Amino acid sequence: MFFASLITYLKKKSKRATLQFPIKAHSKPRTIKNDSNITMDSSIPASNSSDGKNFHHIDGRRYHNDEDVGYILPNDETAISQKKPSNFHAPVHDLLEKGIVVVDSGCGPATWTFEMAEDYPNSQFTGIDISFVFPETIRPPNANFRICNISKEMPFDDNSVDYYHQRLLVAGLSKGEMELALLNAYRVLKPGGYIELCEVNMGYCENAGPYMERSQEEFAVFLEKRSLVPNLGDHIEEMLEESGFENIHYTKKTIPVNHTNKAGDFWWQDSSECMRSLRPVLAMNNPLYEDIDYYEEYIKTIGQECNENKTNIIFGIAYAQKPLSEYY
């Protein structure tokens with residue numbers, strides 16, 4: 001059948017190595033200087049960034065075109081349409097009901113920001129992103145947006161934010177940039193304020209067959225070559241600790257890929273779009289991927305394999321607090 005014949009064909013045409021992705025020990029926390037007095041009641045770009053609209057196109061897909069932006073996936077409407085809201089894990093429900101200041105870091109099209117702003121009208125939400133992909137006009141009255149590079153400077157005063165939410169930046173921040181972003185988050189959070197991180201592990205997953213393993217390995221190598229951390233979800237707990245946060249709670253969560261429920265359907269749609277967007281660069285290492293029809297069959301085979309094996313993607317989720325006694 002097709003699956004078996006495709007395996008044979010791939011084995012003949014390309015060699016597959018067993019790869020490991022070691023992560024070097026994290027360096028000690030660094031002190032960074034911030035001179036920002038910018039308040040958070042605006043939707044204009046921050047001073048450390050462009051207008052967030054510097055893009056270029058490859059094979060009809062839109063990508064960042066800023067040398068200071070490490071994010072490697074597309075930021076066009078196809079990518080945006082795949083994003084879904086998520087809930088939160090930090091114990092901030094009662095605070096949100098009363099009214100607090102919330103930052104959604106790497107907000108993208110602001111789906112989570114909007115969902116939360118509508119659910120908690122007494123709180124003030126600000127979405128920040130390196131790209132201008134969020135709505136310009138239609139928004140809840142308690143939501144606004146800023147363009148900024150979170151590894152450089154955040155446009156918020158010291159000790160001004162109650163809850164800082166960040167997710168799925170594994171393809172956007174190097175280890176060093178993540179450390180700087182966490183130090184920035186530490187600065188802007190109030191003493192006792194909460195930070196929450198959610199990151200997917202791209203180097204491995206549960207119940208993966210040979211094609212999913214191969215796809216994960218290729219993507220992990222691609223990330224590492226760009227100084228990104230493919231298994232970032234495994235390291236957010238220690239990174240929070242090294243950044244000075246306390247009361248850290250860490251857990252792992254699995255999400256089905258192309259099986260079981262709507263979440264599985266969504267994640268497969270998201271994963272397959274991601275694979276399509278990376279085809280041009282992956283083809284540099286594997287010429288087979290230059291053939292679009294072949295590559296589409298390859299994606300289809302991965303989807304079938306994930307469905308049969310009940311493959312799951314693994315997320316790392318952590319929340320923590322800035323110490324009450326700390327004044328940055």
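Ser 215 counts as buried in this predicted model, because its relative accessibility is 10% and the cut-off for burial is under 20%. Ser 215 belongs to helix α6, which covers residues 210-225. When neighbours within four places in sequence are set aside, the residues in contact with Ser 215 are Met 275, Tyr 298 and Ile 302.

Two of these partners, Tyr 298 and Ile 302, also appear on the α9 side of the contact between helices α6 and α9. In that contact, Pro 210, Tyr 211, Met 212, Arg 214, Ser 215 and Glu 218 of α6 meet Tyr 298, Thr 301, Ile 302, Glu 305 and Cys 306 of α9. By residue class, the contact of α6 with α9 comprises 6 nonpolar, 2 polar and 3 charged residues. Helix α9 spans residues 292-309, and the axes of α6 and α9 lie 8 Å apart at an angle of about 120°. The two helices, α6 and α9, are therefore oblique to each other, and the crossing in which α6 passes α9 is left-handed.

The helices accompany a sheet, which can be described from its strand order. It is an open sheet of 7 strands with mixed pairing, in the order β5-β4-β3-β6-β7-β9-β8. Strands β5 and β8 form the edges, each of them pairing on one side only, and the twist from one strand to the next averages 15°. In general, the strands of a sheet pair through backbone hydrogen bonds, in either a parallel or an antiparallel sense. Four of the pairings are set out below.

| Strand pair | Sense | Bridges |
|---|---|---|
| β4 (residues 124-129) and β5 | parallel | 5 bridges |
| β3 (residues 101-105) and β6 (residues 161-167) | parallel | 4 bridges |
| β7 (residues 189-200) and β9 | antiparallel | 7 bridges |
| β8 (residues 246-256) and β9 | antiparallel | 9 bridges |

Individual bridge partners place these pairings in the sequence. Asp 129 stands opposite Ile 147 in β5, and Asp 104 has His 165 in β6 as its bridge partner. For β9, the partner of Tyr 194 is Gln 321, while Pro 256 stands opposite Asn 312.

Strand β9, residues 312-321, is mostly covered, with 10 of its 10 residues buried. Asn 312, Ile 314, Gly 316, Ala 318 and Ala 320 point one way from β9, whereas Ile 313, Phe 315, Ile 317, Tyr 319 and Gln 321 point the other way, and all of these residues are buried. The edge strand β5, residues 143-147, is likewise mostly covered, since 5 of its 5 residues are buried. From β5, Ala 143, Phe 145 and Ile 147 point one way and Asn 144 and Arg 146 the other, all of them buried.

Helix α8, residues 262-282, lies across β7, β8 and β9, and runs at about 90° to β8.

For the protein chain as a whole, the model contains 9 helices and 9 strands, and 54% of the 328 residues count as buried. Among contacts between residues at least 6 apart in sequence, 76% join residues that are at least 24 apart.

Conventions:
Residues numbered from 1 in each chain as written. Predicted model: local features only at pLDDT ≥ 70, side-chain atom pairs only at ≥ 80, totals over all residues. Heavy atoms only, no water. Buried < 20%, exposed > 50% of the residue type's maximum accessible area, 1.4 Å probe, protein only. Pairing = 2+ DSSP bridges. Contact = heavy atoms within 4.5 Å. Axes fitted to C-alpha atoms, helices over the stretch in contact; angles between N-to-C directions. Parallel < 35°, antiparallel > 145°, perpendicular 65-115°, else oblique. Left-handed = near helix turned anticlockwise from the far one by under 90°. Nonpolar A, V, L, I, M, F, W, Y, C, P; charged D, E, K, R; others polar.
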